[in-house]
Amino acid sequence: MDFKLHSEFKPSGDQPEAIDSLVRGIKDGMRAQTLLGVTGSGKTFTMANIIEKIQRPTLVLAHNKTLAGQLYAEFKELFPENAVEYFISYYDYYQPEAYIAATDTYIEKDSSINDEIDRMRHEATKSLLTREDVIIVASVSCIYGIGEKEDYLALALMLETGLEIPMDAVMAQLINMQYTRNDFDLSRGCFRRKGDIIDIWTPDSEHTLTRISFFGDEIDKISYVDAITGKTEFTRDYIELFPASHYATGRAKLNTAIDKIEAELEVRLKELREAGDMIAAYRLEQRTRYDMDMLRETGFCKGIENYSRHIAGRAEGEPPCTLMDFFPEDFLLFIDESHQTIPQVGAMYNGDRSRKEMLVQYGFRLPSAFDNRPLKFNEFEQRMGQTVFVSATPADYEKEHSEQTVEQVIRPTGLLEPEIFIRPVEGQIEDILAELKDQKKTGDKSLIMTLTKRMAEDLTDFLKKEDIRVTYLHSDIKAVERMQILNQLRNDEIDVIVGINLLREGIDLPEVSLLMILDADKEGFLRSERSLIQIIGRCARNDHGRVILYADEVTDSMMNAVSETNRRRKIQKEYNDANGITPKTIRKAVRDVFDIVAENSKDTSGGKGRGKASKGGIDAARLINDGVSGGTEEENKKLIEKLTVEMTKAAKELDFERAAEIRDIIIELKGKK
């Protein structure tokens with residue numbers, strides 16, 4: 001199918017010009033372009049329009065799961081008829097294998113795989129191999145190896161009605177594709193036989209089984225049935241089944257890999273013994289030979305990814321096959337929040353390498369484990385399709401590599417960049433106090449940014465003595481308390497938050513109309529041009545937002561940030577004046593994770609109905625007010641169970657931010673048991 005965008009809105013402001021310029025650049029063969037879009041200007045909608053006009057498979061790369069989840073939900077809504085897929089790390093929890101030589105501590109790999117995300121990863125690769133109208137929203141985990149595309153395709157099983165093939169041959173091939181036979185408890189990646197029927201639950205299917213009905217040795221019917229009810233949903237004449245694991249490989253290739261691994265083992269053992277490291281040699285030999293026995297018997301072993309170079313048949317140092325290799329050569333790449341995503345991609349290889357060097361040196365892994373890795377940055381660059389960097393503050397890399405930069409600074413809401421004032425350090429405390437008192441009269445909220453924790457705490461103490469409702473926020477504050485503080489500001493329980501790097505808190509506070517930045521002239525990460533522009537944007541959600549910079553001198557970073565903000569504000573104001581638009585503050589409901597606590601505490605002791613908590617129940621009000629202090633050990637245990645269910649539900653709905661909030665509450669409750 002063609003990409004078809006569904007939306008009640010049409011491009012507005014400077015979106016049409018941005019879309020046309022970027023589309024023209026793509027069609028003219030530009031390798032890289034930048035969409036410089038301010039917060040709230042509708043960058044996702046612009047990307048969607050470009051995809052519809054270009055009609056190519058697209059990868060949208062984000063720097064974390066939460067952002068990827070938001071983008072996935074938006075694209076899914078905009079392209080309901082097309083294959084919008086989601087590809088992120090499938091670990092709910094991941095502790096990589098590591099060795100700390102200083103304390104002689106070996107940390108075994110520990111992980112918990114999210115079954116739903118694993119399903120979506122399989123759905124993504126299947127869509128890429130069977131369709132052209134595909135949009136994949138991925139985190140940077142997509143640059144890790146996922147098994148060889150050639151092996152994945154070679155093991156695919158094509159079946160059609162009328163085909164003569166014994167049932168035993170089909171089941172043998174399914175087992176070779178890493179499916180497990182289970183005639184009693186069917187789950188993803190399993191199959192069962194019932195008489196002349198084989199039911200297969202493919203790893204990409206949410207709740208539908210593929211049913212192959214035989215008449216003797218001939219396939220009589222291929223149908224899809226509901227896994228719960230058994231009701232037939234529809235039938236097909238042809239089906240293509242892909243392996244249950246991205247790492248599946250043929251037996252002949254696996255046997256060859258085992259021979260190569262054992263040959264490498266002998267070489268490495270000789271090196272270690274000649275160096276006199278007998279402990280490392282013994283350790284390496286015991287582990288590797290055990291793994292080879294498992295591979296021979298089952299085709300799998302724990303930590304199989306560390307042997308991926310041999311299993312894939314790659315040469316030493318050759319890059320792994322990643323999701324990007326599943327895309328056609330003419331795919332389109334959007335890198336969202338590129339100023340953060342690009343550095344993250346660049347840093348992943350070195351971090352992985354340094355950890356594995358200790359494992360290899362001390363005999364926990366063979367040197368070939370180095371090739372189980374993410375792409376190096378230059379390898380990532382080689383795989384980039386025609387690229388559009390998307391950011392409000394593009395970094396040097398984007399500026400150097402983009403053939404054109406397209407601006408999008410008009411917000412559909414008409415909101416302007418905040419006004420900026422520069423004031424001297426002398427008398428700043430008195431000035432801050434006067435500003436906060438004026439703010440209190442209007443009911444607006446404020447943020448104050450300091451450079452040190454000590455100053456944040458001291459300033460908070462001073463303002464409290466002046467009858468200002470204030471609290472501070474920095475890295476020593478636990479995650480749950482941070483959420484409470486932000487919600488207190490939005491619920492009019494406090495008027496001011498003092499913090500160090502509020503940019504990192506993911507703050508979206510339309511109630512804030514005043515931001516005061518202390519020590520604005522102290523050059524560094526927190527006061528760089530890019531950081532200042534991002535911070536100033538925090539006040540762009542309020543129709544009378546202001547920013548005050550306290551400084552003794554105007555640095556280059558300050559000057560550039562102020563100039564850029566004023567330039568954008570001028571463009572926005574001229575557009576509003578020309579089109580009769582009046583800016584309006586964004587109104588958003590206060591979303592409080594503690595609503596979950598309150599809701600779950602309403603169960604009566606008998607477990608029936610919902611009403612006032614019984615004497616033996618959980619006092620939700622006290623939990624909220626006292627900061628998840630919990631009650632008795634039994635009360636905490638019950639609350640943990642309920643919150644765990646909510647956390648799992650949130651993760652399945654791709655609301656990872658909410659899931660993380662609930663997880664932090666659970667951790668605190670467990671610590672007080």
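## A partly exposed glutamate to start

E381 has 29% relative accessibility, so this residue counts as partly exposed. Helix α11, residues 377-383, is where E381 sits. Setting aside neighbours within four places in sequence, E381 is in contact with Y397 and H401. Please keep in mind throughout that this is a predicted model.

## The chain as a whole

With that residue placed, here is the wider view. The chain has 673 residues, and 51% of them count as buried. Its secondary structure comes to 21 helices and 25 strands. Among contacts between residues at least 6 apart in sequence, 73% join residues at least 24 apart.

## Two nonpolar cores

Which residues have the most contacts inside the largest nonpolar core? They are I50, L71, F75, F79, I135 and F334, in a core of 37 residues. F75 gives a view of the surroundings: not counting residues up to four places away in sequence, F75 touches T44, M47, A48, I51, V60, V84, I135 and V137. There is also a second, separate core of 33 residues, which includes L59, I136, Y152 and F327.

## Helix α1 and its cover

Helix α1 runs over residues 15-27 and has 13 residues. From its first C-alpha to its last it reaches 18 Å, close to the 18 Å expected at 1.5 Å a residue. The residues Q15, A18, I19, S21, L22, V23, G25 and I26 of α1 are buried. What covers the buried residues of α1 includes the strands β1 (32-37), β17 (332-336), β18 (386-391) and β19 (404-408), along with helix α2 (43-54). After α1 comes G29, with a positive phi near 90°.

Strand β19, part of that cover, also holds Q408. Is Q408 buried or exposed? Its relative accessibility is 0%, so Q408 counts as buried. Leaving aside neighbours within four places in sequence, Q408 is in contact with D14, Q15, A18, L35, L36, G37, V38, S41, G42, K43 and T46. Two of these partners, Q15 and A18, are among the buried residues of α1. As for S41, its C-alpha atom is separated from that of Q408 by 6.6 Å, although the two residues are 367 residues apart along the chain.

## A helix pair: α7 and α8

How do α7 (residues 251-274) and α8 (residues 278-298) pack, and at what angle? The angle is about 170°, and the axes are 10 Å apart. Angles over 145 degrees count as roughly antiparallel, and α7 and α8 are therefore roughly antiparallel to each other. On the α7 side, the contact is made by R251, L254, I258, I261, E262, L265, E266, R268, L269, L272 and R273. On the α8 side, M278, A280, A281, L284, E285, T288, R289, M292, L295, R296 and T298 take part. By character, the residues of this contact divide into twelve nonpolar, two polar and eight charged.

## An enclosed helix: α16

Why is α16 (residues 529-536) described as largely enclosed by the rest of the structure? The reason is that six of its eight residues are buried. The buried residues are S531, L532, I533, Q534, I535 and I536. They pack against two helices, α10 (338-361) and α17 (556-579), and against the strands β20 (419-423), β21 (445-449), β24 (512-517) and β25 (546-550).

## A buried strand residue: I222

I222 is placed in strand β14, residues 218-226. With 0% relative accessibility, I222 counts as buried. Leaving aside neighbours within four places in sequence, I222 is in contact with L159, E160, T161, R211, I212, T235, R236, D237, Y238 and I239. One of these partners, E160, is 62 residues away from I222 along the chain, and the C-alpha atoms of the pair are separated by 7.5 Å.

## Two loop residues with positive phi

Most residues other than glycine have a negative phi. Two exceptions are worth a look in the backbone angles. Q55 is not a glycine, yet its phi is positive, near 60°. Q55 lies in the loop between α2 and β2 (58-62), and at 31% relative accessibility it counts as partly exposed.

D104, which is not a glycine either, has a positive phi of about 50°. The loop between β5 (98-100) and β6 (105-107) holds D104. Its relative accessibility is 53%, so D104 counts as exposed.

Technical notes: Residues are numbered from 1 along each chain as its sequence is written. This is a predicted model: local features need pLDDT of at least 70, side-chain atom pairs count only at pLDDT 80 or more; totals for chains, interfaces and linings use all residues. Side-chain values use heavy atoms; hydrogens and water are left out. Helices (H or I, at least four residues) and strands (E, at least two) are DSSP runs, numbered from the N terminus. The expected span of a helix is 1.5 Å times one less than its number of residues. Buried means under 20% relative accessible area, exposed over 50%, partly exposed in between (1.4 Å probe, protein chains only). Contact means heavy atoms within 4.5 Å. Axes are lines fitted to C-alpha atoms, for helices over the stretch in contact, and angles run from 0 to 180 degrees between N-to-C directions. Angles under 35 degrees count as roughly parallel, over 145 as roughly antiparallel, 65 to 115 as roughly perpendicular and the rest as oblique. Ala, Val, Leu, Ile, Met, Phe, Trp, Tyr, Cys and Pro count as nonpolar, Asp, Glu, Lys and Arg as charged, and the others, Gly among them, as polar. A nonpolar core is a set of buried Ala, Val, Leu, Ile, Met, Phe, Trp, Tyr and Cys residues joined through side-chain atoms within 4.5 Å.
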